[in-house]
Amino acid sequence: MSPEDSIMTSEQAVHTRAPYWVDVDPAEWYDWRWQMSNRLNSVDELASVIDLTDSERKALESQGLFRVDITPYFASLIDPNDPHCPVRKQVIPTATELVPFQAMMEDSLAEDKHSPVAGLVHRYPDRVLMLVTTQCASYCRYCTRSRIVGDPTQTFSKRDFDMQIDYIENTPQIRDVLLSGGDPMVLAPKLLDMILSRLRAIPHVEIVRIGSRVPVFLPMRVTDEFCEMISKYHPMWLNIHVNHPKEITPELAIACDRLTRAGIPLGNQSVLLAGVNDSVHIQRKLVQDLVKIRVRPYYLYQCDLVHGSGQFRTPLSKGIEIMEGLRGHTSGYAIPTYVVDAPGGGGKIPLMPNYLLSQSPGKSVLRNFEGFITTYQEPLDYDPQEVKHLEDQIERRPEKGQEGILELLEGEKMTIEPKGFDETRSRGGKEHRLRSGGLSRKWLPLGVGSIEAEDGTVPEQLPDPQEND
Ligand code: SF4
């Protein structure tokens, strides 16, 4: 490692090095490979740095535990004498991690169910999640992919990558690829370079994103060499994962500075964790400290219904309370979107306090964060058709069955029904003169979707159902 590659001077580092490692040569301490090879995972190793509780010892000695590995750098952020330390809780298991809870699942987001190719999740119309590794720099106790993460036997092969990339190549609706895992930033540099170059060669892939906790667990991995490599593939975006202000160290600040100087916009995804950051005031400090290092808070996730996360779960109302305490109270740039990743695979659902109090034709009644109530007078002459000629010049990508509520608003459909809706309501009755199955047009709403006349105008008269029966 060259001196320029070193993330910071040894003088600065004293702040984030536990006494146990104080004699380690700075050249080693700042070498990400040294950090990876000297991770803590056994009871004895952890006990030499941290005063372990009985509950932590019990968990660490149990069978079938989700993998434990902690970089010396991140372990140095732990208060060795405080069992409530927010950094410690994220990476050191306790016995409560082993307690099952109602609605717990192995794959609560149904990722493996919604994956056309192993490790590729195509949930939303124009983007995919590409899992490229199952390894991380350290392991979070609430990990949503604990079913595969940390397990070297589950890792992805060259053949998996080929199939993932083939699928992306053959699916032109994909314009955005998110690399995740595991953590893509622990991949061998050449392998990550190869994946990025193959993705960049696909003309319809407009942006590539990386989700990584490496800048937080292993900031020394963010070398100039690494930044140069990924900046070859712009536009690149990167989301880091910080949960508590204690994780925002000088080392993380330097890593983020390098990444932003390399032209990579940074966002943060945090997880709402009971006993770690389930507080308006902790969250406010977190988001304010993030924007100071030029990281835009992006998502605040509700904890998933996944094995091992029971101790971290909060009611949704806690998330709403936190959003209430952020919006208006601090800069808009510092406010993440609070989301529930829908159990069963529905994707992210944003939640927020209700600021729209009431409406009548022409008026909306709104409230602000202070409880100030105002009226927004709607325009009386608004013509939504005026923009149509501009809108028609925009190329649209097909969304194949995922048009959703927008399809109702745009008048393509009037209803969205659960599977079996009509069958249930026909009560098993036979076809009769008033109900002529799918051929009848009597339930097609005039002017909505397919009932438009051939010239695109809406017929003046309702079609006579008898004509079509
Ligand atoms: S870094 Fe991400 S993938 Fe790895 S253990 Fe933590 S949450 Fe899971």
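The buried residues of helix H9 pack against helix H8 (158-169), strand E3, strand E4 (207-211) and helix H11 (224-231). This description, like the rest of the report, refers to a predicted model. The residues of H9 that are buried are Leu-192, Ile-195, Leu-196 and Leu-199. Because they cover an arc of only 95 degrees around the axis, they lie on the same side of H9. Lys-190 and Ser-197, in contrast, are exposed on the other side of this helix.

The length of H9 can be checked against its residue count. Helix H9 comprises 12 residues (189-200), which at 1.5 Å a residue should span 16 Å. The C-alpha atoms at its ends are 16 Å apart, so the expected and computed spans agree.

**The sheet**

Strand E3, one of the elements against which H9 packs, belongs to an open sheet of 9 strands. The strand order is E1-E2-E3-E4-E5-E6-E7-E8-E9, and the pairing is mixed. At the edges stand strand E1 (120-124) and strand E9 (347-350), each of which pairs on one side only. From one strand to the next, the twist averages 30 degrees. As a general principle, strands of a sheet pair through backbone hydrogen bonds, in either the parallel or the antiparallel sense.

Three of the strand pairs are set out below.

| Strand pair | Residues | Sense | Bridges | Opposed residues |
|---|---|---|---|---|
| E2 and E3 | 127-131 and 176-180 | parallel | 5 bridges | Met-130 and Leu-179 |
| E5 and E6 | 236-240 and 266-271 | parallel | 3 bridges | Asn-239 and Gly-267 |
| E6 and E7 | 266-271 and 296-301 | parallel | 5 bridges | Ser-270 and Leu-300 |

**Crossovers around strand E6**

Strand E6 takes part in two of the tabulated pairs, being joined to E5 by 3 bridges and to E7 by 5 bridges. Within E6, Gly-267 is the bridge partner of Asn-239, while Ser-270 stands opposite Leu-300 in E7.

The connections on either side of E6 are helical. Strand E5, helix H12 (residues 250-261) and E6 make a right-handed β-α-β unit. From E6 the chain then crosses through helix H13 (residues 280-292) to E7, and this β-α-β crossover is likewise right-handed. Strand E6 thus ends the unit that contains H12 and begins the crossover that contains H13.

Technical notes: Residues are numbered from 1 along each chain as its sequence is written. This is a predicted model: local features need pLDDT of at least 70, side-chain atom pairs count only at pLDDT 80 or more; totals for chains, interfaces and linings use all residues. Two strands pair if DSSP finds at least two bridges between them. Helices (H or I, at least four residues) and strands (E, at least two) are DSSP runs, numbered from the N terminus. Axes are lines fitted to C-alpha atoms, for helices over the stretch in contact, and angles run from 0 to 180 degrees between N-to-C directions. The expected span of a helix is 1.5 Å times one less than its number of residues. A residue is buried if 20 or more other C-beta atoms lie within 10 Å of its own, exposed if 12 or fewer, and partly exposed in between; C-beta atoms are placed from the backbone. The arc is that of the directions from the helix axis to the C-beta atoms. Two residues are in contact if their C-beta atoms, placed from the backbone, lie within 7 Å. A crossover is right-handed if, with the strands pointing away from the viewer, the path from the first strand over the helix to the second runs clockwise.
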